[in-house]
Amino acid sequence: MDLFESTMIGGVSARNHFIRSATAEGKATEDGFPTETIRQVYLNLARNEVGVIITSLASVADYEKSSGYQLMMDRDGLIPAYQEITETVHAEGGSIVMQLVHGSSSAQAFPEQAKILGPSSIRNPISGLVPRQMDVDDMAEVAGLFARAAVRAKRAGFDGVQIHGAHSCLLSQFLSPVFNQRTDAFGGSRENRFRFVREVYDAVRGAVGPAYPVWMKLDCTDGFENGLSTEDFLWNGEQLAMRGLDAIEVSGMRQPRVYKGAYYREAAERLAERINAPVILTGGVRSVEDMQVICAESRVQFFGMSRPFLAHPDYITRLKDKR
Ligand SMILES: Cc1cc2nc3c(=O)[nH]c(=O)nc-3n(C[C@H](O)[C@H](O)[C@H](O)COP(=O)(O)O)c2cc1C
């Protein structure tokens, strides 16, 4: 397997097996439009042969924001600005997928003004924010927000969307038994905790149609002792793949303090054993030798990276040189 060969990943054409994982630039305008600085970031990545670029997280809701300068995808009026971005990347022969997020209590730039929704009204141990417990109407509304944002991304020319279901944003909170302490049909068992994520995925899929690439980023751990288990994660991934999700990026909330290579390798390999959809391994992936070993020894064939591209937008060339 040549990692530098062009390929398809989850319905998206890729110049190689390397993906730029979503990386918040914090450079959008205050009302969520992409700026020239952001266009330059993506142009630079596309010129430097990144296989697929995933944008920074773009908010689907107008009532919350994780940072003051976060991308948004909550209005049709944003579409022309994003068209400039997708045209720029496509002109360089690249592909670009938009990451869509509902952040909730994970991070809020303006918590006093934000509507902060969550599976349960429990203080977030990281941010200290306490969300309002969602009722079924809130859930239907949020699923609709994701669906409409995905349609906008498709109209703007993105090659696909990635639903953010990791890093303790709203969807990952539903999956986690620590954040989700509901006693109704949306909490408790693995099946119940998954139900809202399934509804969001189904809404997005229904809105963009069967052929449009829909990916998801999932946690293999939420970082808590009694939290999301590996078995939960594998089951969630299987369910989504069975419903037609096109690719799963594996991430998590327990990063080692000391560098240990690709720290979610085992979880990603186990998931890839169970599903046909491609699995993207992200987190600490750095060396082409390690990636080649993982490719040879498992069904994981795609690699996501964030920080390497921050330091070196030409990271792919550097990998090629080291091959
Ligand atoms: C500055 C910065 C911003 C990030 N922004 C996002 C984001 O918008 N969405 C997301 O899912 N992950 C985000 N991440 C996490 C990365 O996508 C990735 O999962 C993590 O950094 C591990 O990969 P790495 O070891 O290659 O950096 C961000 C990471 C960094 C360093």
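This is a short dialogue on reading the ligand site and an aromatic pair in a predicted model.

User: Happy to start with the ligand. Which residues come nearest to the ligand?

Analyst: Good place to begin. The ligand has 20 residues around it, and those that come nearest are Ala22, Ala24, Gln99, Gly284 and Arg307. By class, this shell has 7 nonpolar, 10 polar and 3 charged residues. Helix 9 (residues 307–311) gives the largest share of the shell, 3 residues.

User: Which backbone atoms should I look at for polar contacts with the ligand?

Analyst: A polar contact here is a pair of N or O atoms within 3.5 Å. At Ala24, a backbone N or O atom lies 2.8 Å from a nitrogen atom of the ligand. A polar backbone atom of Gly284 is 2.8 Å from an oxygen atom of the ligand, and for Leu57 a backbone N or O atom lies 3.2 Å from a ligand oxygen.

User: How much of the ligand's accessible area does the protein cover?

Analyst: On its own the ligand has 610 Å² of accessible area, and the protein covers 82% of it. The space that the ligand takes is the largest pocket.

User: Now the aromatic rings. How many aromatic pairs does the structure hold, and how is a pair described?

Analyst: Two values describe a pair of aromatic rings: the distance of the centres and the angle of the planes. The structure holds 7 aromatic pairs. One of them, Phe179 with Phe224, is edge-to-face, at 5.9 Å centre to centre with 75 degrees between the planes.

User: Which parts does the pair of Phe179 and Phe224 tie together?

Analyst: Phe179 lies in the loop between helix 4 (170–175) and helix 5 (190–208), and Phe224 in the loop between strand 11 (214–219) and helix 6 (230–242), so the pair ties together parts that are 45 residues apart in sequence.

Definitions and conventions
Residues are numbered from 1 along each chain as its sequence is written. This is a predicted model: local features need pLDDT of at least 70, side-chain atom pairs count only at pLDDT 80 or more; totals for chains, interfaces and linings use all residues. Side-chain values use heavy atoms; hydrogens and water are left out. A residue is near a molecule or strand if one of its heavy atoms lies within 4 Å of it. A polar contact is a pair of N or O atoms within 3.5 Å; within protein, one must be able to donate a hydrogen and the other to accept it, and residues adjacent in sequence count only if both atoms are side-chain atoms. Accessible areas come from the Shrake-Rupley method with a 1.4 Å probe; for residues, only the protein chains shown count as cover. On a 1 Å grid over the protein atoms alone, a cavity is a set of points where a 1.4 Å probe fits but cannot get out, and a pocket is an open set with protein on both sides within 12 Å along at least five of seven lines; lining residues have an atom within 4 Å of a point. A molecule sits in a cavity or pocket if more than half of its atoms lie within 2 Å of its grid points. Helices (H or I, at least four residues) and strands (E, at least two) are DSSP runs, numbered from the N terminus. Ala, Val, Leu, Ile, Met, Phe, Trp, Tyr, Cys and Pro count as nonpolar, Asp, Glu, Lys and Arg as charged, and the others, Gly among them, as polar. Rings of Phe, Tyr and Trp (its six-membered ring) pair if their centres lie within 6.5 Å; planes under 30 degrees apart count as stacked, over 60 as edge-to-face and the rest as tilted.
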